[in-house]
Amino acid sequence: MSVIVAIDIGGTQLRAAVYPLTGTTPITVQRTPTLGMEDGVFERLTALVDSVWPIELADAISVAAPGPVDPYNGTIISTPNIPAWTNYPLAEMLSKRYKVPAYLGNDANLAALGEWKYGAGQGHHDVLYLTISTGIGGGVISSDMLIEGSRGMATELGHVTVLSDGPVCSCGVRGHLEAVASGPAIARYVLEQISAGRLSTLSSVKNLTAREVAGAARQGDELAKEAFVRAGNFIGLAVAEFLHIFNPSIVIFGGGVTQSGSLILDPITESMKRNIMDPSYLYGLQLATVKLGDDAGLLGALAQAHMRLSKVR
Ligand SMILES: [Zn+2]
């Protein structure tokens with residue numbers, strides 16, 4: 001029997017799992033702290049991989065990592081939580097060490113791939129996946145293909161401009177969706193309004209997060225509710241534009257902010273409908289939330305291995 005070794009490079013944890021060639025139930029899973037600001041991340045990763053390494057033949061190692069990556073040459077271009085991994089040829093290093101093919105992909109793109117293969121997007125041919133948490137990212141399946149682009153950098157769905165004179169994004173550009181609708185952006189809007197004199201039950205909260213804003217909104221805090229409507233308006237505007245470009249049959253929402261449910265999903269839906277050029281885009285369109293949860297990175301990596309192996313088989 002041959003197997004796939006899947007790796008999820010998270011900001012706080014490295015995870016490794018061994019999957020059979022068919023099925024999504026891992027034979028083994030192990031995890032270890034990333035400690036990305038300290039030396040020795042690669043050594044921690046290989047110790048982890050050694051601990052799960054199968055006796056059976058491994059067909060491939062497949063890695064999901066955050067940040068821009070080049071999936072064609074297996075290099076991490078940069079990843080915010082592991083500064084030492086800049087232009088880092090991770091796939092080649094793993095392949096040399098373990099003597100099997102190694103693949104690398106962007107975690108948001110691979111989450112889209114995983115949700116399509118194993119989660120909420122099963123049975124669809126055209127899938128839009130959008131994750132809204134500390135950042136905003138996504139991935140698109142079009143006619144049963146993951147859109148990757150010429151350098152593997154396609155579908156950075158959080159870095160589209162929705163407010164040209166808006167706040168500066170984590171990427172340095174002004175007015176991107178991520179800068180006005182991510183979790184930190186929602187909390188920052190509330191704090192700005194409080195500084196400007198608005199009343200809110202959140203005025204005395206230190207280190208405010210979107211989760212606390214959601215709690216206050218559920219208790220009826222007007223400013224907190226408004227912050228979600230405002231973010232939802234921007235996300236809905238962007239989703240309408242994505243529908244015009246990709247015309248998916250399902251939109252799958254993930255990330256911590258979408259766990260606030262109707263607080264954010266209702267304004268997204270209303271804004272999407274207001275901004276769509278033709279109602280036909282909405283006929284039969286399903287809106288869903290993710291199904292894979294915590295395992296999205298590992299299952300995305302598994303799906304990537306099958307996608308790459310099917311091209312060489
Ligand atoms: Zn940006």
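Trainee: From which domains does the lining of the largest cavity draw at least three residues each?

Mentor: Good place to start! Domain 1 (2-111 + 294-312) and domain 2 (123-290) each contribute at least three residues to that lining. Keep in mind that this is a predicted model.

Trainee: Which secondary-structure elements supply at least two residues of the lining each?

Mentor: Strand E7 (102-106), helix H3 (107-118) and helix H9 (296-312) do. Among the lining residues are Gly-105, Asn-106, Asn-109, Leu-110, Gln-304 and Arg-308. Sorted by class, the lining has five polar, three nonpolar and two charged residues.

Trainee: What is the volume of the largest cavity?

Mentor: About 40 Å³. The structure holds one cavity of 30 Å³ or more.

Trainee: Now the metal. Which protein atoms are the donors of the zinc ion?

Mentor: They are ND1 of His-159, SG of Cys-169, SG of Cys-171 and ND1 of His-176, at 2.0 to 2.3 Å from the zinc ion. Along the sequence, the spacing of these donor residues reads H-x9-C-x1-C-x4-H. His-159 and Cys-169 are ten residues apart, both in the loop between strand E10 (145-146) and helix H4 (177-181).

Trainee: Why is the arrangement around the zinc ion called tetrahedral?

Mentor: Four donors earn that label if all angles lie between 85 and 135 degrees. Here the angles subtended by the four donor atoms are 99 to 120°, so the arrangement is tetrahedral.

Trainee: And is Cys-169 buried or exposed?

Mentor: The cut-off for buried is under 20% relative accessible area. Cys-169 has 5% relative accessibility, so Cys-169 counts as buried. His-159 counts as partly exposed because its relative accessibility is 24%.

Notes: Residues numbered from 1 in each chain as written. Predicted model: local features only at pLDDT ≥ 70, side-chain atom pairs only at ≥ 80, totals over all residues. Heavy atoms only, no water. Donors = N, O, S within 2.8 Å, 3.2 Å for Na, K, Ca; no water. Tetrahedral: all angles 85-135°; square planar, octahedral: opposite > 155°, others 65-115°. Helix = DSSP H or I, 4+ residues; strand = E, 2+ residues; numbered from the N terminus. Buried < 20%, exposed > 50% of the residue type's maximum accessible area, 1.4 Å probe, protein only. 1 Å grid on protein atoms, 1.4 Å probe; cavity = no way out; pocket = protein on both sides within 12 Å on 5 of 7 lines; lining within 4 Å. Points joined across faces, edges and corners; volume = space filled by probe spheres on them. Nonpolar A, V, L, I, M, F, W, Y, C, P; charged D, E, K, R; others polar. Domains from an automatic or database assignment.
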